[in-house]
Amino acid sequence: MQSEKTLFLDALDEEDPVVRQRLVELACRDDDELRQRVEALLAAHVLPANPLDRPVGMNSVAGRAIASAAESFRPTQHIGMTIGSYRLMEQIGEGGFGLVFVAQQEQPVRRKVALKIIKPGTDSKEVIARFEAERQAVAMMDHPNIAQVFDAGVTEDGRPYFVMELVRGVPITEFADSHLLDVRGRLELFTHVCSAVQHAHQKGVIHRDLKPSNVMVTLHDDKAVVKVIDFGVAKAIGQSLTDTTIYTRFFSMIGTPLYMSPEQAEMNGLDVDTRSDVYSLGVMLYELLTGATPFDRERLDSANFDELRRIIRDEEPLRPSARLTTLGAQMTTVVRTRRTSQDRLATSIRGDLDWIVMKALDKDRTRRYESASAMSQDVLRFLNDQPIEARPPSRVYQLVKLARRNRVAIGTALLIALTMMVGTLASLWQMSIAITERNQKVIALEEATEARQEIEQFADKITQANLLIASGQSHADSGRWQSANEDYARAVRMQPSYFLPWMQRAQLFIRLKLWNEAADDFRIALDLGAPTDSPQWAGVSALLLWTGEAQAYRNLASKNAARVMQTDSPFAWDALRGLVIAPDTHQTITAQQCVERADGWLRQLDTPLGKPRNDDPRRPRRPDGTDGTGGPPRHDVLGFRELGDSLPIPVCQYITAIAHLRAGDYPIAIELLEDAGSDDRWPFFELVYAPLAMAHHQAGNPDDALAALELSYLALESVARELINQPNVVQDSPWFDFVETLVLNREAAILIHGHAPRPLVELETLRQQSLEKLALEEM
Amino acid sequence: MNGEVTRILSAIEDGNRQAASQLLPLVYDELRRLAASKMSQEKSDQTLQPTALVHEAFLRLVGGEDRKNWDGRGHFFAAAAEAMRRILIDAARRRSAEKRGGKLQRCELLEEDAVLNVDDTETMLSLDEALTKLAATDASLAKLVELRYFTGLTIEETAEVLGVSPRTTKRNWAYARAWLRREMDDSE
């Protein structure tokens, strides 16, 4: 190249064309190609009308084109625009990369999607080419915690865009803070992120830009659902990071280097693998725990380029627990949003969580967790008080862990060991005084060693059972039901006296709609003393009723009653729901008490949107007596107001209505049910029909009762068919809405007709379908 | 705003490369805003000189008369040249798409299309492509062309911005000019 340039310029200096020609020929004696190139340059040099000789001017037209470019960049201009087969409806985000819109897709399916338009300045062709290269892998991903990327293309004005599943949520860190999640809650949420990332990695997709704003959390009923967005996008936008200018441009595009791994901060962008995502997960966990990132945001922002690389590559960040002490005034917020005190937070992080985070943040990726699921498993181990992998294993540490898990058991074991030793010594003494003191010591020592081995085996078993659970979960996520079932079964066999494996297996059966099997496992978990205030237990009451586990239902009900009557927790709707679902009165709580609780809670909620109920004594009022229309309310995924621990309002009204039904207040029950059922944002409003039928029947409206009962039955039929035909589609409503309808429908039919409803044949089909799934792979 | 750009320019002076990437969007937006306001204020046959536009943007964003010989100027013009290139190329792409039966609502604009006609649009786009290729082999040559072509700087001004002698600039320009022409003719 250089010689081409030099030769060309030398030739130009020669004005005589003949001499010039000779010069070139001479210089390129044995390089024909070079000669041709230089000759072409010289020819181009003298060609007339070289566009480069007219520096571009901006006449009115070009100027206006620029003006209109400025205009079209304003978000309002986008609304109503059509891009491909998508119509832009509202802007929901703006970032370093560009703008995000809600768009309506018409073809081939009608649905709302998120459409992300990338800022000008990237090479559209290249972006799309890179996306196409990865599209196959991206399309293979199917995970409830991953927002799917459907499509990519180029707008008319040449900007690349991506079409993806619409996720309306808030970044995970924001969610955790605004919902005041404690450390445990944060860790649990984090394991969902790991599971999504693990799934993508298994499909060969690396995210490359994991950060809180790409990990959204939405509320589904009262469950927090994690959605990781932008899989496949960072790779498409990111250039091969070998050129500094492109590299800095990439920096400005992704917004922040805070979550970037050392190998990404190196300029050889080719060398990024799944462990880079593990690093980013580490930064995110760090932030979830401490409210700060390993390196200060301000510091990285103001660092120059080389300094930035040096920090990310070489500087060892503070351990999370140590980082807490540097937070200063921020500490108050951090502590408050985690519902703890400074000392308690530091203590809970110090040790295991420090190790877990720092292992993920290791500069040397071979020393990080080898996968997202390995990291998640360690977090789960921590949550279950088991020894974590990240920590260098020491016997003492393992024993401390074991002791914390099994305080009672260990105490007993030590007592037994002691008794045994004493007993042994005594009998030996009696048997023969000829045995020397030395021999006695040897035997005692052997016994002690055996006892210790037993304890170690026990610890090993727990670890293995947890591994099996994690593996079962990932099999289930990928639809390998048989393998999932085997893993869970082994975990259960290994730890039959620990409730967690049973509960995990119950979740698998729930996914497969195998109600009896799920109920069995839940019953055992309950008997083993599982705490029942976690979201997994929502709806289990209905399940136990449906499958005829009467005793287990009563056990659960008494726990629910205790939760409902507890005065310091504001809402326990799911517990109340589990109580009122059954017709019989409960020993520890009366129907009237349920009504009082429900009415009290409902009053604390805001008026449902657009439905003022001025004349109603139960019209929700704030404790201060206002109706709470002062500030702008926050809305959750369904457009319902966010209510902290509460459920969407129609669901609360529905539960309250059944409480009234059980207490014999039929007109109030009817009114509440009709109100709840008319809220069209509720995905499974058909739930109201069965209780409505019962209330009408009791209130003496036989025609209304019959009509409602029929509607309830039809709804069940249609949902069951849907489940059969599309077993893999994630339902809008939680699984227990369906089971609860089955229960209430049966009760209503017996009340009104005097016998159970005609059997739903679809249920048997559904069951066979799932059993086949479990058996098919056996062969 | 003023201080922001000055701060970034100083940061670039201090060797902070990341700052360069912060400069571009600011200059880009300012140029677009400026062009838009010019178009709405003045007569429709007004011709905007890119050079004037860039100088005005510099005054607005950096200000200060005594900064004439300041080194930060070079960085600013380099960023401005890149911004102008993007603005014009984006505009050309949009026009090219409209010409091929794009959106109706902007047709009005096409009728006045006297100077920047479709040929020019196509030329600009193919020049842009060739320039991208040139940047891959010699980024400083591409920078030179951006300054000359998209902001209309003279050889002397360009030399000042790039910090090389006018003679070298002139020779480099001759080479880049022929190189691009060869490239554009080849790809036709």
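The exchange below goes through chains A and B of a predicted model.

Colleague: How many helices and strands are there in chain A?
Modeller: Chain A has 779 residues, and buried residues make up 41% of them. Among its contacts between residues at least 6 apart in sequence, 63% join residues at least 24 apart. The count for chain A is 35 helices and nine strands.

Colleague: What is the strand order in the open sheet of three strands in chain A?
Modeller: Two bridges join S7(A) to S8(A). Six bridges join S8(A), residues 215-220, to S9(A). The pairing is antiparallel, and the order is S7-S8-S9.

Colleague: Which strands stand at the edges of that sheet?
Modeller: An edge strand here has a single partner strand, so one side is left without a neighbour in the sheet. That applies to residues 170-171 and 223-228 of chain A. The edge strands are S7(A) and S9(A).

Colleague: Which helix of chain A packs on this sheet?
Modeller: The helix spans residues 183-202 and touches S8 and S9 of chain A. Its direction makes about 35° with that of S9(A). The name is H8(A).

Colleague: Which residue stands opposite A:Met216 in S9(A)?
Modeller: S8(A) and S9(A) run antiparallel. A:Thr218 stands opposite A:Val225 in S9(A). On the other side of S8(A), A:Val217 faces A:Val170 of S7(A). For A:Met216 the residue opposite is A:Lys227.Colleague: Which residue in the hairpin of S8(A) and S9(A) takes a positive phi?
Modeller: The hairpin has two residues between the strands. The positive phi is near 50°. The residue is A:Asp221.

Colleague: Which residue of S6(A) stands opposite A:Lys116?
Modeller: S4(A), residues 111-118, is mostly covered, with six of its eight residues buried. S4(A) pairs with S6(A), residues 160-165, in the antiparallel sense over five bridges. Opposite A:Lys116 stands A:Phe162.

Colleague: What span does H33(A) reach from its first C-alpha to its last?
Modeller: H33(A) covers residues 702-725, which is 24 residues. At 1.5 Å a residue, 34 Å is expected. Buried positions in H33(A) include A:Ala705, A:Leu709, A:Tyr713, A:Leu716 and A:Leu723. The span is close to the expected value, at 35 Å.

Colleague: How many nonpolar residues are in the contact of H12(A) with H18(A)?
Modeller: The axes of H12(A), residues 274-290, and H18(A), residues 352-360, come within 7 Å and cross at roughly 145°. H12(A) brings residues including A:Val278, A:Leu281, A:Gly282 and A:Leu285, while H18(A) brings A:Leu353, A:Val357 and A:Ala360. One residue of the contact is polar and none is charged. The nonpolar count is nine.

Colleague: At what angle do the axes of H8(B) and H9(B) cross?
Modeller: H8(B) is residues 155-162 and H9(B) is residues 166-186. Their axes come within 9 Å. The crossing makes H8(B) roughly perpendicular to H9(B). The angle is roughly 105°.

Colleague: How many charged residues are in the contact of H8(B) with H9(B)?
Modeller: From H8(B) come B:Ile155, B:Glu156, B:Thr158, B:Ala159 and B:Leu162. They meet B:Pro166, B:Thr169, B:Lys170 and B:Trp173 in H9(B). Five residues are nonpolar and two are polar. The charged count is two.

Colleague: Is B:Arg167 buried or exposed?
Modeller: B:Arg167 lies in H9(B). Its C-alpha is separated by 9.1 Å from that of B:Glu156, 11 residues apart along the chain. A residue with 12 or fewer C-beta neighbours within 10 Å is exposed. B:Arg167 has 10, so this arginine counts as exposed.

Terms used
Residues numbered from 1 in each chain as written. Chains lettered and ligands numbered in written order. Predicted model: local features only at pLDDT ≥ 70, side-chain atom pairs only at ≥ 80, totals over all residues. Pairing = 2+ DSSP bridges. Helix = DSSP H or I, 4+ residues; strand = E, 2+ residues; numbered from the N terminus. Contact = placed C-beta atoms within 7 Å. Axes fitted to C-alpha atoms, helices over the stretch in contact; angles between N-to-C directions. Buried ≥ 20, exposed ≤ 12 C-beta atoms within 10 Å, placed from the backbone. Parallel < 35°, antiparallel > 145°, perpendicular 65-115°, else oblique. Nonpolar A, V, L, I, M, F, W, Y, C, P; charged D, E, K, R; others polar. Expected span 1.5 Å × (residues − 1).
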